Structure formats: C-alpha cells, structure tokens
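Please work through the following exercises with the sequence and the structure at hand. Each task is followed by a solution in steps.

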Amino acid sequence: MPMLLNTSDYRRRARRFLPRGLFEYIDRGTEDETALTRLRASLDAITLLPAVLTGHDRRDFDTVLFGRRMAAPLVVAPTALAGLVSHDGETKLARAASRVGIPVCISTQSVTTVEAIRRGAPDALLWFQLYVWRDRALTARLLERASACGCDNLVLTVDTPVSPKREYNERNGFGIPFKPHLSSMIDVALHPGWLFGVLARYLIGEGMPTYGHYPDAFRTAITRASIAEAVRLEPRLNWDDMHWLREIWPGKLTIKGVLAVEDAEKAVEIGADGVVVSAHGGRNLDCLPAPVDCIPAIADAVNGRLTILADSGVRRGTDVLKYLALGAEAVLLGRLPLWGLAAGGEAGAEAILRMVLREMDTAMAFLGTHRVPALRDGRARQQRN
Ligand SMILES: Cc1cc2nc3c(=O)[nH]c(=O)nc-3n(C[C@H](O)[C@H](O)[C@H](O)COP(=O)(O)O)c2cc1C
C-alpha cells in the first residue's frame, strides 16, 4: 500500500475511494477556479523568518480559544455532507478531533444530526455552524437542539447568500436531494468500496443519506416545494438580524466569511465573539481576495476585541503557521479532514490532523518558536515575497 506522507497522498487516496461526483464536490472550487489558485499562491508567497539559538527543544501547542483550553490552534471546519465520505463520517470526525484535543464544527447540512454526533462522541468539543433558513422559527428550533447538545460556539456563515455556480456538480449530477442519473449510477458502481462501505450501509440502516437537520417533509416529493422554500438559505440576512441571534443563542457567536475590516468592526459592534476570515475554501465566489491579504488589517482594527480565526487553502502545517503569524488565533481545516476520512475513516481523519501537527512542530523548531503566541508576536518576522 502506498505510504501517506503528505496531504496530497491523502487526496489521491480519497480520489480513488470516492465517486467522482462526490470527490469533485469536495475538492473543486467555483466557476473558473481562480480563487483556488490565488489561495495557494497567497500562502506560497509568504516566508517566515527564523530566530536562531533560542534554546528550546519542545513545542507547546496549547491554545486558549473563547476561554477554553485546547491542544492546538486547529479546528475541524464545518463541511456539508461529510457523512457521505464515510459511513457516520461526521461522528468519526468528531471522535478524531476529540482525540487530538481540538473542536469540530458541525454543519447545518450534515448527514448525521447533532444529537447523534453527540451520542457517538460524548467528549468532543462541538461547535455548530448555522445557515439561517428563511423560516426563522425552524432556525431557532435548530439552535435549541445544538445548544442542548453542548455546542458552545455558534459559527454563523455569512458568505453564502445564494448557491454558488459549480458547473462540475451539474455535469456530475451531484445535488441534494439526490436525483439519480445514469452517469452518477455508473460513477457509484465504479467505486464499490464506497458503494458497499458507505452508501449501502446507510440504505440498510437509516435510508438514503440526506441533510439530517432538515425537516422530514424536506425529503418527501409532495411537500418538498414549500418546505424547500422554508429551509432555503436566507438571502436577506443583515446586521440587525445578529441582535436576534445574540438573543436566542446562549453561547459564543462567531461570524464566518468576513474579509473586510468594516465587517469585522460591525461584528464587534453586534457583540460577536469571533470572526473567521475565510474565502470559503475558494468554493463560493471566484473573485474573492485571499485571507492572507485581509487578516493583518482586520487583526489591527479589532485589536483583541474579537477572536480571529482563519481558513482556506491549508495543505501543510506551515500554511497554518502562516495564518497564525499574520494574526489568526486558530485555523480551520476543511478538505484535509475529509481526505483523511476518505482514506482511512476515523483513524485516517485523526492521522491527517496529527500529520499537520507534526509538520507545524517541525517548522516551529526551525523557526525557533516554541509557543503559538510567540509565533504571533513575531508578526514582523513574516515576510511577503
Ligand atoms: C465539502 C465541503 C463542504 C463545506 N460545507 C460548508 C458548510 O456547510 N458550511 C460552511 O460554513 N462552510 C462549508 N465549507 C467551507 C469550510 O468550512 C471551510 O471554510 C473551507 O473548506 C476551508 O478551506 P479548505 O477546504 O481549503 O481548508 C465546506 C467546504 C467543503 C470542502
């Protein structure tokens, strides 16, 4: 069996295991995919200047995030339909993150419900990602469920007012609820490991996998039109709605998908606890700037009044360090845990997270930095090519 020595090895393994429609849904971007290229270029252009003779032989990744101690400045990002990558994939991700000692953010669009994930991963640090549905009462009910399951940070995604234009999904016939096409059936048949290891297990157990948190009626053809409208992502969401969310949500509130300084300032004003500076992994709008170009100005402007998180494009431990050096306090990983999950289930997800941590550890040794805050304090040491 070929060795899995870096995240590209995991990606290749995931590509073999998953039907093409699902692999591309995870892997690709939007429109002409220039955002994906920009993300990589933006991270590759940053260099980190080492300090020598610092006299440390161990690195400490301990991080306090939103008042809670965790083992590393990493978070498993919310990813819709992670449960399709492996049977019960969201629970496996939660267990893997829990063993590594980092939080996992459950997506509104997960296959498995937050209650079932909590049962399967009782010790996990769970966050909940919210897409606000047009029906506010249904949205509020969903938040009550997340809170009852011990999710203590609500990650409100604000960079997805409409469905992005992903032409490959249309070509591949990939959508929810599933409408089987001949080509997608052939695609699935060509991936028997996934067919029998994932899809068939759902079909024998809980039935055709779909968005677990959506009302039952969403899945039935007769009522779908009206219910689909009720759970459509609310395109009119505005800053005033944030007061409503602050009132009904008892825990921390993080706004995901902020790139402009003005929006970070507004997040402070409405009493948010954090922001995720994110280009949504290059999946939504192809002309977005890269987070590395936005983090420093946001960090300067908010000056400690918000916890700054970042994501998009991380493929190496050094990419994480670059986001941290620019001013992020922790980094979300989207595709990497999914590739780990596809390559080796729960153990694969844990292994890829530990691999990123090992890469961070090695690079920090070279940089002469033994603690995460020291890396941030050394912001002046970060250089742009
Ligand atoms: C398959 C997939 C599904 C995603 N689903 C969601 C989602 O439901 N909600 C959300 O806020 N972000 C979602 N994201 C974006 C991630 O949370 C994160 O911002 C992005 O993946 C980070 O980039 P990276 O994949 O390069 O690490 C998704 C990303 C992927 C790859």
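**Exercise 1.** Which helices each supply at least two residues of the shell around the ligand?

*Solution.* The model is predicted: local features need pLDDT of at least 70, side-chain atom pairs count only at pLDDT 80 or more, and totals for chains, interfaces and linings use all residues. Residues are numbered from 1 along each chain as its sequence is written, and side-chain values use heavy atoms, with hydrogens and water left out. Helices are DSSP runs of H or I with at least four residues, numbered from the N terminus. Two helices meet the condition in the task, α2 (20-27) and α15 (335-367).

**Exercise 2.** Describe the shell and its polar contacts with the ligand.

*Solution.* Step 1: the ligand is surrounded by 23 residues (a heavy atom within 4 Å). Among the closest are Pro78 and Ser107.
Step 2: by class, the shell holds 8 nonpolar, 10 polar (Gly among them) and 5 charged (Asp, Glu, Lys and Arg) residues.
Step 3: consider polar contacts, pairs of N or O atoms within 3.5 Å. The side chain of threonine 157 places an N or O atom 2.6 Å from a ligand oxygen. For aspartate 311, a polar side-chain atom is 2.6 Å from an oxygen of the ligand. Glycine 313 uses a polar backbone atom, 2.8 Å from a ligand oxygen.
Step 4: the protein buries 99% of the 600 Å² that the ligand exposes when taken alone (Shrake-Rupley method, 1.4 Å probe).

**Exercise 3.** Where does asparagine 6 lie, and with which residues is it in contact?

*Solution.* Step 1: asparagine 6 belongs to the segment before α1 (7-17).
Step 2: a polar atom of the asparagine 6 side chain is 3.1 Å from the backbone nitrogen of serine 8.
Step 3: neighbours within four places in sequence aside, asparagine 6 is in contact (heavy atoms within 4.5 Å) with Arg316 and Met355.

Methods: A polar contact is a pair of N or O atoms within 3.5 Å; within protein, one must be able to donate a hydrogen and the other to accept it, and residues adjacent in sequence count only if both atoms are side-chain atoms.
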